[in-house]
Amino acid sequence: MPHRPTDPSRRPARTTTPPRRTSTDVLRPRRAPGTRHTRGLSPAGRTKRNKLGLTLLVLLLVAVVTKLVVLQGIDGTAYARAAESDRMRVFDIAAIRGAVLDRDGNPLAYTVEASKVVADPTVVDDPERTALALTTLLGVPVDQLTEELTASGRYSVLAEHVDTATSDQITALRLPGIVLEDQPTRLYPAGTVGGQVVGFVGRDGDGLAGIEQRYDDVLAGSDGTRRVEVGAGGIPIPSGIDESTPAVDGSDVTLTIDEDLQYTVQQRLATECSNGQTTRGSAVVMEVHTGRVVAMATCPGYDPSQASTTDPDLLGNPAISDVFEPGSVMKAVTLSAAIEDGHATPDTVLSVNGHIQAGDVVVTDAHDHAPIDWTVTGILAKSSNVGTIMLAREVGDARLEQYMRAFGLGSTTGIELPGESAGILQDSTDWTASRAANVPIGQGVSVTALQMASVYQTIANGGVRIPPRIVASTTAPDGTVTPAPQPDGTRVISQSTAQQMAYMLEAVVGPGGTAPLGEVPGFRVAGKTGTAQRANPECGCYTGGGYFTTFVGFAPADDPQYVIAVDLERPNSDAEGGQVAAPVFADLMQYVLAADDVVPSGTPRPDFQLTGTAPTN
């Protein structure tokens, strides 16, 4: 083909093939050397940087682990408890306090189940609705309940001592935030009868007086606990956790007191205390052969259920705690000592003047008189101070003190009641001449009503003193009965001396004695009057203080069964014991003998020789 010249305008486009790159070209820098300056870390720098990073990482891990330890190991228990507290509740199960019973099982104090209604305001859904639901059941106004249900905190008391029937109705309402707590209620069905003996409990249920205090550990029992799982509103879940430690109820305490006799004694004393002359009176009735106290009372008394609103001065038991100068009832101790030591017999005759010198004072009989030849029986029947002092001087101060302490004076009897006084009996080594004359006749020595009853119990029991008791037994919740310990008797005087004393004390109530008003129809009675000056608190002297009048005796005199001590405080009266205390004794003794079906022996009262012819020197 002939070669034609190519038309440039029709000449095809020229393609250029890029040059082929060699391996040297691949490793060639993108920039010319020296166009960018870079500087890398040295090996030492990189090591330092790695160490720093590792340290920060370790510290971070330590912080995380520490927090986990705190949360799980330290705070974990608290968080767990907090979580558990939201669903678990622990309630106390109150033990039922034991009853106090009279000797026949009649309740003088007992406990019934009751509840305290409380609210957790933080859980209460609708305070107004809840208040409306509870107002009628609790007898509390709606506005008052609403105020408690909206109070700050998590514990508001809505009502106390709610009976079980009402508690059951509240439980059935299933009100959120409302909880019932055990709050047993102590009741005293006999009211004032035996109140000073039984005592009372405080708001916390602890015994504060009488048997309630003395036997608190026996009566109280021990509380239990209940741990339950609750749902919304604090209401227990029926199928949830329910773990209980049962309560152990308290034991019952049975007294030697007879409720009917106790009532009679209190009524008789109340009558005496309402006469405008007697401000206080006490009486103790005791079984001669056992020392058991079957009645013990003082006017005024109190109702244990009203103890919180009673004058605190009335909440004691004056029959064992208040002391007084007994007066001539003490002469039985002095004459017992004289007869026991052989210084006299009931028929011994002394020429007794109407007055006698005793140190710097002169002691007289009730009325001064010319010398009278009285037998020792007559000295006691006529209650001669001078004749008694004459016999006491034969016995001697130290020996007389020994007999007084043997009869229980100057020490507590040990009766199972709190607050007992030991009385006041000064050591004979400290007696002045005037006191040595006053003590034998019942002045300058102080006793309780119970102590004087114990003295005459000793004489009536053939000379054997049995410490008085007022608790017969305790009964455990399972029915086990434990008799109270019976103390051993102690011989104070011989049986012969006791019989002679009973004979002379019977003369006191007989013709010519100072206490014919102490007689009990159909029965032979032995006893002694007492009239002692009462200290005037305004001057600390005897002037204007009035008198303590007493009578202590036993019956039947020929077969003693009961001893009764009566003392009356009469600050505005000059009446003697034979006039006011002896009739109270007679009324009480007549009742107790009839109630116990004691039958008179029918033996006649002896003819007492009150006077005779004193031997001449």
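Arg174 is found in the loop between α5 (164-173) and β6 (178-182). In this predicted model, the phi of Arg174 is near 50°, a positive value in a residue other than glycine. Such a value deserves notice, since most residues other than glycine have a negative phi, and most peptide bonds are trans. A second residue other than glycine with a positive phi is Asp597, where the angle is near 55°. Asp597 lies in the segment that follows α18.

The backbone also contains cis peptide bonds. One of them runs from Cys299 to Pro300, with omega near -5°. Pro300 belongs to the loop between β12 (293-299) and α10 (318-321). Another cis peptide bond joins Ala555 and Pro556, and its omega is about -15°. Pro556 is placed in the loop between β22 and β23.

From these local features the account turns to a sheet. Six strands form an open sheet in the order β7-β3-β2-β10-β18-β19, and the pairing is mixed. At its edges stand β7 (185-187) and β19 (481-483), each of which pairs on one side only. Strands of a sheet pair through backbone hydrogen bonds, either parallel or antiparallel. Within this sheet, strand β2 (residues 100-101) and strand β10 (residues 252-255) run parallel and are joined by two bridges. Leu101 has Thr254 as its bridge partner in β10.

On the surface, a nonpolar patch of about 710 Å² can be traced. The residues that make this patch are Leu54, Leu57, Val58, Leu60, Leu61, Val62, Val64 and Leu68. Leu61, one of the residues of the patch, is found in helix α2, which covers residues 43-87.

The structure also encloses and borders open space. The second largest pocket has a volume of about 900 Å³. It is lined by 37 residues, of which Thr364, Asp365, Ala366, Asn385 and Thr531 are the closest to its centre. Two or more lining residues come from each of the elements β15 (361-364), α15 (433-438), β21 (526-533) and α18 (577-595). Strand β21 gives the most to the lining of this second largest pocket, namely six residues. By class, the lining of the pocket has 22 polar residues, eight nonpolar residues and seven charged residues. Helix α18, one of the elements that contribute to this pocket, is also the helix after which the segment with Asp597 comes.

A cavity completes the picture. When the whole structure is searched, one cavity of 30 Å³ or more is found. The largest cavity has a volume of about 30 Å³. Its lining consists of Phe324, Ala449, Met452, Thr550, Val552, Ala565, Val566 and Asp567. The elements α16 (449-460), β22 (547-555) and β23 (562-570) each give two or more residues to this lining. Strand β23 supplies the largest share of the lining, three residues. By class, the residues that line the largest cavity divide into six nonpolar, one polar and one charged. Strands β22 and β23 have been met before in this account, for the loop between them holds Pro556, the residue joined to Ala555 by a cis peptide bond.

How values were computed: Residues are numbered from 1 along each chain as its sequence is written. This is a predicted model: local features need pLDDT of at least 70, side-chain atom pairs count only at pLDDT 80 or more; totals for chains, interfaces and linings use all residues. Side-chain values use heavy atoms; hydrogens and water are left out. Two strands pair if DSSP finds at least two bridges between them. Helices (H or I, at least four residues) and strands (E, at least two) are DSSP runs, numbered from the N terminus. Patches are made of residues with over 30% relative accessible area and no salt bridge: like charges are joined within 9 Å, nonpolar side chains (Val, Leu, Ile, Met, Phe, Trp, Tyr) within 5 Å. Accessible areas come from the Shrake-Rupley method with a 1.4 Å probe; for residues, only the protein chains shown count as cover. A salt bridge is a side-chain nitrogen of Lys or Arg within 4 Å of a carboxyl oxygen of Asp or Glu. On a 1 Å grid over the protein atoms alone, a cavity is a set of points where a 1.4 Å probe fits but cannot get out, and a pocket is an open set with protein on both sides within 12 Å along at least five of seven lines; lining residues have an atom within 4 Å of a point. Grid points are joined across faces, edges and corners, and a volume is the space filled by probe spheres set on the points. Ala, Val, Leu, Ile, Met, Phe, Trp, Tyr, Cys and Pro count as nonpolar, Asp, Glu, Lys and Arg as charged, and the others, Gly among them, as polar.
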